[in-house]
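Here is a short, friendly walk through one protein model. Have a look at the sequence and the fold first, and then we can go through some of the details together.

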Amino acid sequence: MEQDRALQVMEAYQAANKNTLADRMGITIVEASAERVVGTMPVAGNIQPYGLLHGGASCVLAETLGSLASALHAGPDRITVGIEINATHHRAATDGLVTGVTTLLYGGRTITTHEIVITNETGRRVCTSRLTCMLMDRVPNQAPRAAPGSGPA
């Protein structure tokens, strides 16, 4: 039953992800469950003028992964919106892929909090982020306007 719920949320996420910011930035989901979501993002195309991975791009990766994890925790009949994100940038990334690993820190009925650790291809930590999302009941008979977990921070 739990796996059916997760599959339903992932299918909705993938269907609604086309032409979104995460899609344009090249974010790929590698693994997904309510307790752990893993995704990658290319550095190329997501840099700032000095050729380094843009800090905002790290935040987009973190929010994308954390929001998906929150949506998986909430289930298909609820929606999730980011309400707070922070990020500490530890070192620069200049090429290749970065990988974000999201871990559930707290999962309640109305709030989830996730830690997202972003590393470079050699496994060195690039960024540590924390995302808090609010969970709400979906209005009956109202289709979601966006993918579960795609709300703003």
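## A cysteine to begin with

Is Cys 133 buried or exposed? This is a predicted model, and in it Cys 133 is buried, with a relative accessible area of 0%. Cys 133 sits in strand β6, where it stands opposite Thr 112.

If you work with cysteines, you may also want to know about disulfides. A search of the whole structure finds zero of them. Take Cys 59 as an example: its closest cysteine sulfur belongs to Cys 127, and the two sulfurs are 6.0 Å apart, so they are too far from each other for a bond. A disulfide would need the two sulfur atoms to be within 2.5 Å. Cys 59 counts as partly exposed, at 24% relative accessibility.

## Strands β4, β5 and β6

Strand β5 covers residues 111-119, and seven of its nine residues are buried. On one side of the story is β4, which runs antiparallel to β5 and is joined to it by eight bridges. Within this pairing, Val 101 stands opposite Val 117 in β5. The connection from β4 to β5 is a hairpin through three residues.

Strand β5 also pairs with β6 (residues 125-137), again in the antiparallel sense, over nine bridges. Here too the link is a hairpin, this time with five residues between the strands. One residue to look for in that turn is Gly 123, which has a positive phi of about 85 degrees.

## Thr 102 and its surroundings

Thr 102 belongs to strand β4, which spans residues 97-107. With a relative accessible area of 0%, Thr 102 is buried.

What does Thr 102 contact, leaving aside its neighbours within four places in sequence? The list comprises Glu 35, Arg 36, Val 37, Leu 65, Gly 66, Ala 69, His 114, Glu 115 and Ile 116. Of these partners, Leu 65, Gly 66 and Ala 69 fall in helix α3, which runs over residues 55-74. His 114, Glu 115 and Ile 116 fall in β5, at residues 111-119.

## Gly 55 in helix α3

Gly 55 lies in helix α3. Is Gly 55 buried or partly exposed? Its relative accessible area is 25%, so Gly 55 is partly exposed; the cut-off for buried is under 20%.

Gly 55 can also be placed relative to a residue elsewhere in the sequence. Thr 88 is 33 residues away along the chain, and the C-alpha atoms of the two are separated by 9.0 Å.

Notes
Residues are numbered from 1 along each chain as its sequence is written. This is a predicted model: local features need pLDDT of at least 70, side-chain atom pairs count only at pLDDT 80 or more; totals for chains, interfaces and linings use all residues. Side-chain values use heavy atoms; hydrogens and water are left out. Helices (H or I, at least four residues) and strands (E, at least two) are DSSP runs, numbered from the N terminus. Buried means under 20% relative accessible area, exposed over 50%, partly exposed in between (1.4 Å probe, protein chains only). Contact means heavy atoms within 4.5 Å. Two strands pair if DSSP finds at least two bridges between them.
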